[in-house]
Amino acid sequence: MIRSFPFTGESYFSLFEAYNDTIWPAQIAAYLLGLLVLLLALRPTAAGGRIALAVLALFWLWNGIVYHFGFFLQINFAAVPFGTLFTLQGLLLAGSAMRGGRQLRFVPDPTGWVALAFVLFALFAYPLLAWLAGHGWPRAAMFGVAATPMTIFTFGVLLMLQGRSAVLLGVLPLLWALAAGLAAVVRLGAPEDWSLLLAGIVGFTLLVWKRRQAQA
Amino acid sequence: MNLITRRKFIGSLGAAATIPAWSESHAASGPIITRAIPKSGEKVPMIGLGTWITFNVGSDEKLRAARAQVMQAFFDGGGTLIDSSPMYGSSEGVVGYGLAHTKRPALFAATKVWTMFKPLGVNQMENSRKLWGVERFDLMQVHNLLDWSTHLATLKEMKAQGRLRYIGVTTSQGWRHGDLASVMRSEPLDFVQFTYNVADREVEDVLLPLAAERGIAVIINRPFQEGALINKMKNFPLPTWASEIDCTNWAQFLLKFIISHPAVTCVIPATRRVDHMQENLGAMRGRLPDARMRLRMLRHAENV
């Protein structure tokens, strides 16, 4: 599958430049929403869980519809199944936000610290790593509007949700992390995407472990 | 079925191409090597231009202009056949951009239909025609045999109406060779396309002899295994005896091995660089290897 990737890293990052130019200043709005979720995790409120899930839903729907169908489809026919997967995940998250029953709260235990690390990494460290790897602005995959940091952020938020298990909400992000992480590292020369692979595997494992702990 | 044996086939190597009377050791001069399309006798230059990956550059103006330069080098060097597909992302639009920004004496426009169902196929082919900016395609192929029976019926109709000149079916990387052979035996194809190079030679056993027997032109894709063969070989010096077949680099060595097979009509290496395009085009001038030299090339490639 990886041998048949239909575009080069050069084309991919050129597309990202066009994407960032077109959607500006959506990147700032995405950062503000991400910071809001971080604040709600550190200072929990009754509606924090719903708001966090709604923000995640918005991010996934944006990435599915605007990025995949609107841009990535220009160079990759696989944007159709990917965009569909992202849109489905967005609808699942929106459904969970409406249903409620989960609270967003940072708990200072090992899982909580990993979750916080994911959120901070997605917001601040990932763009820095991308810049160091030569993929800085305007070619950078920005928080919220680009799939990789958004997926890492998603695992962080899901791990900070208390109440009903969020394992099912992590299945599609895990599939994406495995497929896209491997492809980006191997074919596109984007070493910063090792973090996506790691976040997918560690994040989903902790979600399963957290559910087992709750059931014990 | 009267299949040509591999021994007979190797014995006939070098006999089918229109090879110039040529004894100089420079690959860059002399007439272009062409080969006739069996169904019509029309001759095409044996080095074409593929667009998989390399031409999929989206709407980036700078990258589109760079690909147009590659196309200009291709036309300037005597190339005519360009092959693409709607599966290749933005490649067809980039080819269209290149055609609008280059001067060319001739073009052999080849693309594919890659979808299910007749209405979607018809719509896709019309969209491809608009992207290329051509009046009609010379060759339309069913990509990777996808819904081939439906599309071949449409292509036959279009050919009868003069909306296409040739029709064909493609595969790559060794996929569905058995199915392709069945289609070649049962349908009136003008062209087939599949993978052949010094490392992938399964097609020598059935598909190439079958194409020769049925009078089907053959386009070869992935001559460098998406660059893997070149990357492997560039670490070693070109053997001195490569000059006997007028090769000055590994790309020409690999391409001349392919086009010296008598059943091959054209090979379509893809590149994004003008200098690589010029290297590739050098393979369609000068002497081609005979059967003995082909075996020597194979042995050498296997040991590199």
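How are α6(A) and α8(A) oriented relative to each other? Keep that in mind as we walk through this predicted model.

**Stop 1: a helix pair in chain A**

Select residues 147-160 of chain A for helix α6 and residues 194-215 of chain A for helix α8. Their axes lie 9 Å apart and make an angle of about 20°. Since angles under 35 degrees count as roughly parallel, α6(A) and α8(A) are therefore roughly parallel to each other. The crossing of α6(A) and α8(A) is left-handed. To see the contact, show side chains on both helices: α6(A) brings T148(A), T151(A), I152(A), F155(A), L158(A) and L159(A), while α8(A) brings S195(A), L196(A), A199(A), G203(A), L206(A), L207(A) and K210(A).

**Stop 2: two cis peptide bonds**

Stay in chain A and pick W24(A) and P25(A), whose peptide bond is cis with omega near 10°. P25(A) sits in the loop between α1 (9-23) and α2 (26-42) of chain A. Then move to W137(A) and P138(A), again joined by a cis bond, with omega near 5°. The loop between α5 (110-132) and α6 of chain A holds P138(A). Most peptide bonds are trans.

**Stop 3: helix α5 of chain B**

Now select residues 148-160 of chain B, helix α5. At 1.5 Å a residue its 13 residues should span 18 Å, and the end C-alpha atoms are indeed 18 Å apart. Colour W148(B), H151(B), L152(B) and L155(B), the buried residues of α5(B). They share one side of α5(B), because they cover an arc of only 100° around the axis. The elements covering them include β5 (108-113), α4 (118-132), β6 (137-142), β7 (164-170) and α6 (177-186) of chain B. Rotate to the face turned away from the buried side, and you find the exposed residues S149(B), E157(B) and A160(B). Just after α5(B), look for G162(B), with a positive phi of about 80°.

Next, add α4(B): the axes of α4(B) and α5(B) come within 10 Å and cross at roughly 55°, so the two helices are oblique to each other. Their crossing is right-handed. K118(B), G121(B) and V122(B) of α4(B) meet T150(B), H151(B) and T154(B) of α5(B).

**Stop 4: two positive phi angles**

Most residues other than glycine have a negative phi. Select F117(B), which is not a glycine yet has a positive phi of about 75°; F117(B) lies in the loop between β5 and α4 of chain B. Is F117(B) buried or exposed? F117(B) is exposed, with 11 other C-beta atoms within 10 Å.

Finish at I53(B), another non-glycine residue with a positive phi, about 70°, in the loop between β3 (49-50) and α2 (61-76) of chain B. I53(B) is buried, with 21 other C-beta atoms within 10 Å.

Terms used. Residues are numbered from 1 along each chain as its sequence is written. Chains are lettered from A and ligands numbered from 1 in the order in which they are written. Helices (H or I, at least four residues) and strands (E, at least two) are DSSP runs, numbered from the N terminus. The expected span of a helix is 1.5 Å times one less than its number of residues. A residue is buried if 20 or more other C-beta atoms lie within 10 Å of its own, exposed if 12 or fewer, and partly exposed in between; C-beta atoms are placed from the backbone. The arc is that of the directions from the helix axis to the C-beta atoms. Two residues are in contact if their C-beta atoms, placed from the backbone, lie within 7 Å. Axes are lines fitted to C-alpha atoms, for helices over the stretch in contact, and angles run from 0 to 180 degrees between N-to-C directions. Angles under 35 degrees count as roughly parallel, over 145 as roughly antiparallel, 65 to 115 as roughly perpendicular and the rest as oblique. A crossing is left-handed if the near helix is turned anticlockwise from the far one by less than a right angle, and right-handed if clockwise.
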